[in-house]
Amino acid sequence: MGEERAGPSTPPWGLQDLPSSLVGSILSTLDIRSICSVSATSRSLHSSASLALSFLSSLHLLDIAPTLDLLQPLLPPNPHLRSLKVDCRRLDDSSITDLARPSLQELCLVNCDGFGGDLLTTIGSRCRDLRYLTLGSVGPQIDINASDLEQLLSGCTELECLKLDFDLLSFDHNNFTEPWRKAPRNLKSLEIALVLSTVVTEMLSLTIESGSPPYYIKSSIFPILQKLCLSVDCITDSLVISISKNLMFLSHLDLHDAPFIEPTVTSDLTNYGLQQINPRGTLKHLSLVRSQEFLYTFFHHVNDLGILLMAQTCSNLESVCLEGFCRVTDSGFRTILHSCTNLLNLTVCYGNQLTDLVFHDISATSLSLKHVSLRSCPLLSNVAIIGLVCNTDLTILDLRHCRSLGNEALRAVSTLPKLKVLLLDFMDIGDLGISYLVHIRSPLTSLTLRGCKRLTETGISAIFGSSFRHSLQVLDLSNIPSISDNTILALAKTGVPITELRLRECPLIGDTSVMALASMKVEGGWHGSSLRLLDLYKTGGITSLAFRWFKKPYFPRLRWLGVTGSTNRDLLCALERNRPFLHVSSHGEEIGSVYSDTSDGWYRHINNMEEVDELEQWLLEGENEYDEDEDEDEDDDMDME
């Protein structure tokens with residue numbers, strides 16, 4: 001029986017063979033990174049991907065800081081664009097019209113140092129349908145005046161959430177308060193960084209008259225405001241009373257100050273002011289923080305009596321954060337735990353008189369705490385943590401700078417079944433404590449051990465063989481003298497999927513560690529593919545050799561790199577040319593993006609592990625910035641000692 005002759009073969013069909021309109025419709029449902037990934041597969045799909053950008057509903061570029069030339073191709077005319085988030089570090093006023101799109105309902109622009117007041121004016125005139133607006137600057141004060149602010153507020157009449165994250169301390173009362181008479185009536189959330197408390201007090205006292213004579217009705221300029229977050233020069237009784245009197249529906253109050261001089265009793269928060277908080281019982285979240293940024297000071301005029309008076313109207317609180325209340329003792333803190341029966345989140349920082357007694361009978365309460373931070377509470381011992389862990393729903397536990405806590409505390413913590421974030425900086429723990437922790441039943445995603453100087457390489461290496469090694473993404477091993485390249489080699493060998501690794505002030509970390517991390521593969525991914533942040537500030541053994549490993553194709557997803565300030569400037573310049581979207585810090589500041597989307601409000605979790613960064617590749621495609629000679633020169637720079 002003869003063989004049948006096969007008919008003519010039919011070439012396989014692919015996505016590129018579909019009608020362009022259908023391909024564009026499919027691509028428009030993807031996010032920007034997926035679209036860039038598709039565009040790299042063929043010329044036809046590259047064209048379709050470019051067209052799909054005209055139909056995106058959201059574009060978020062907070063992990064990179066594009067130039068205008070790179071941003072414009074990503075922002076073609078698009079009436080469907082509703083959400084835009086951009087790191088504006090490399091942009092200025094010339095890009096305002098590209099950013100202020102009339103179709104937007106959400107706009108988040110961070111690092112706006114290069115802009116002036118025209119940014120606010122243009123947003124107010126073009127973005128009439130805007131609901132959510134964030135404007136941030138971390139450098140010098142953005143150059144704005146009262147008229148710019150007024151045009152923004154009067155133009156964005158549908159605004160519901162507004163965050164102004166730049167310095168407004170130099171504004172006098174009239175320049176800052178009067179424009180708020182134009183504030184949208186729908187505003188529900190307001191966040192302002194660095195403003196005088198006296199200015200805020202006057203702003204909140206403003207009223208708007210409505211109706212016809214003689215029946216005028218006066219109402220607050222923020223009639224339905226529910227969330228207020230302020231960073232002021234000093235939290236005072238007057239500020240708290242003004243907030244409580246004029247904001248009838250407030251459910252979230254966050255006040256942060258950093259006094260330049262020691263406040264007097266007449267210019268500070270006292271027991272009387274604390275009693276005025278939440279008179280209508282509407283608050284769900286309360287945060288009162290005194291920072292020691294400029295002066296080592298506390299809330300000296302508040303004691304247990306103030307907490308007892310406040311607790312009478314705060315039984316509905318779900319989240320409490322108290323930082324700097326040095327005169328409050330166990331009686332005050334116990335009142336909060338026993339009065340706020342719905343409490344889920346508790347933060348106490350610089351609780352100098354907080355002791356184990358607060359937690360000895362916590363099991364008798366109905367509390368089901370999920371987030372507890374007890375940072376810098378020197379009198380707490382292991383007994384407190386043994387009592388605390390009866391809250392088996394805990395997912396975040398912050399015990400940083402509690403120097404009296406030791407190995408037995410970790411034995412208790414290891415019983416928590418849902419813990420995801422554990423912060424243990426500067427605790428008195430050793431390898432024995434780590435031996436308890438590695439058997440924890442919960443899938444830890446974040447672990448910080450900064451300054452735990454009793455730990456050795458044996459203890460740290462045990463983490464890489466722990467029950468949570470496959471879930472661990474954020475690890476801080478800074479300021480641990482015993483850590484060496486051998487520790488990082490053990491990390492690389494086990495393939496723990498780390499996205500953020502901090503090794504600051506570890507004198508024995510050198511070039512070998514960088515080479516090991518660059519060569520590490522996670523679940524078959526590309527070299528060093530999981531790392532997005534690497535902090536090597538003041539590590540003892542890093543030389544120019546290590547910088548060659550930061551060039552492509554190594555560390556394709558790295559976005560933040562910390563190095564020592566004395567590093568050869570030519571090396572840094574060569575690295576910046578090779579990796580234009582990499583944030584390199586050499587001044588010792590803590591690195592990382594505070595604006596990145598987070599799953600739990602603390603840390604970023606990356607589920608996407610593509611082998612290369614398609615977005616960066618797409619942005620740079622066709623950009624012939626370097627010719628062969630320049631590449632050779634760059635290699636020479638990397639070789640410099």
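# A guided tour of the predicted model

Select C573 first: this cysteine counts as partly exposed, because its relative accessibility is 26%, and a residue counts as buried only under 20%. The model on the screen is a predicted one. For a contrast, move to C506, which counts as buried because its relative accessibility is 0%. How many disulfides does the structure hold? The number is zero.

**The whole chain**

Now show the protein chain in cartoon form. There are 23 helices and 22 strands in it. The chain has 641 residues, and 54% of them count as buried. Consider next the contacts between residues at least 6 apart in sequence: 76% of these join residues at least 24 apart.

**The core around I123**

Which residues touch the most other members of the largest nonpolar core? Select I123, W180, F222 and L449, which hold that position within a core of 171 residues. In soluble globular proteins, nonpolar side chains tend to be buried together.

Keep I123 selected and display its surroundings. Leaving out residues up to four places away in sequence, I123 touches A100, L107, L130, L133, L135, L152 and C156. Then extend the selection to helix α6, residues 118–126. In this helix L119, L120, T121, T122, I123 and G124 are buried. Against which elements do the buried residues of α6 pack? They pack against two helices, α5 (96–99) and α7 (146–155), and two strands, β3 (106–110) and β4 (132–136).

**Two loops: L225 and T282**

Go on to L225, in the loop that runs between β8 (217–220) and β9 (227–232). Is L225 buried or exposed? L225 counts as buried, because its relative accessibility is 1%. Display its contacts, setting aside neighbours within four places in sequence: they are L187, K188, S189 and L190, together with L247, F249 and L250. A distance may be drawn here as well, since the C-alpha atoms of L225 and N186 are 7.9 Å apart, although 39 residues separate the two in sequence.

Next select T282, found in the loop between α11 (271–275) and β11 (285–290). With a relative accessibility of 30%, T282 counts as partly exposed. Beyond residues up to four places away in sequence, T282 touches M248, F249, L250 and S251. F249 and L250 are also among the contacts of L225. From T282, draw a line to C314: the two are 32 residues apart in sequence, and their C-alpha atoms are 8.2 Å apart.

**A buried aspartate**

Select D361, in the loop between β13 (345–349) and β14 (371–373). D361 is buried, because its relative accessible area of 19% is under the 20% cut-off. With which residues is D361 in contact, once neighbours within four places in sequence are left aside? The contacts are R334 and H338.

**Two phenylalanines with positive phi**

Most residues other than glycine have a negative phi. Two phenylalanines may be inspected with this in mind. Select F426 in the loop between β16 (421–423) and α16 (431–437). Its phi is positive, near 60°. At 19% relative accessibility, F426 counts as buried.

Then select F555, which lies in the loop between α20 (544–547) and β21 (560–562). The phi of F555 is near 50°, again a positive value in a residue other than glycine. F555 counts as buried, at 0% relative accessibility.

**A helix pair: α18 and α19**

Select helix α18, residues 485–494, and helix α19, residues 511–519. The two pack at an angle of about 5°, with their axes 8 Å apart. The helices are therefore roughly parallel to each other, the angle being under 35 degrees. Which residues make the contact? From α18 come D485, I488, L489, L491 and A492, and from α19 come T512, S513, A516 and L517. By type, the residues of this contact divide into six nonpolar, two polar and one charged.

**Last stop: R579**

Finish at R579, in the loop between α21 (569–578) and β22 (583–585). Is R579 buried or exposed? R579 counts as buried, because its relative accessibility is 2%. To close the tour, draw the distance from R579 to F550: the C-alpha atoms are 8.5 Å apart in space, while the residues are 29 apart in sequence.

Note on methods: Residues are numbered from 1 along each chain as its sequence is written. This is a predicted model: local features need pLDDT of at least 70, side-chain atom pairs count only at pLDDT 80 or more; totals for chains, interfaces and linings use all residues. Side-chain values use heavy atoms; hydrogens and water are left out. A nonpolar core is a set of buried Ala, Val, Leu, Ile, Met, Phe, Trp, Tyr and Cys residues joined through side-chain atoms within 4.5 Å. Buried means under 20% relative accessible area, exposed over 50%, partly exposed in between (1.4 Å probe, protein chains only). Contact means heavy atoms within 4.5 Å. A disulfide is a pair of cysteine sulfur atoms within 2.5 Å. Axes are lines fitted to C-alpha atoms, for helices over the stretch in contact, and angles run from 0 to 180 degrees between N-to-C directions. Helices (H or I, at least four residues) and strands (E, at least two) are DSSP runs, numbered from the N terminus. Angles under 35 degrees count as roughly parallel, over 145 as roughly antiparallel, 65 to 115 as roughly perpendicular and the rest as oblique. Ala, Val, Leu, Ile, Met, Phe, Trp, Tyr, Cys and Pro count as nonpolar, Asp, Glu, Lys and Arg as charged, and the others, Gly among them, as polar.
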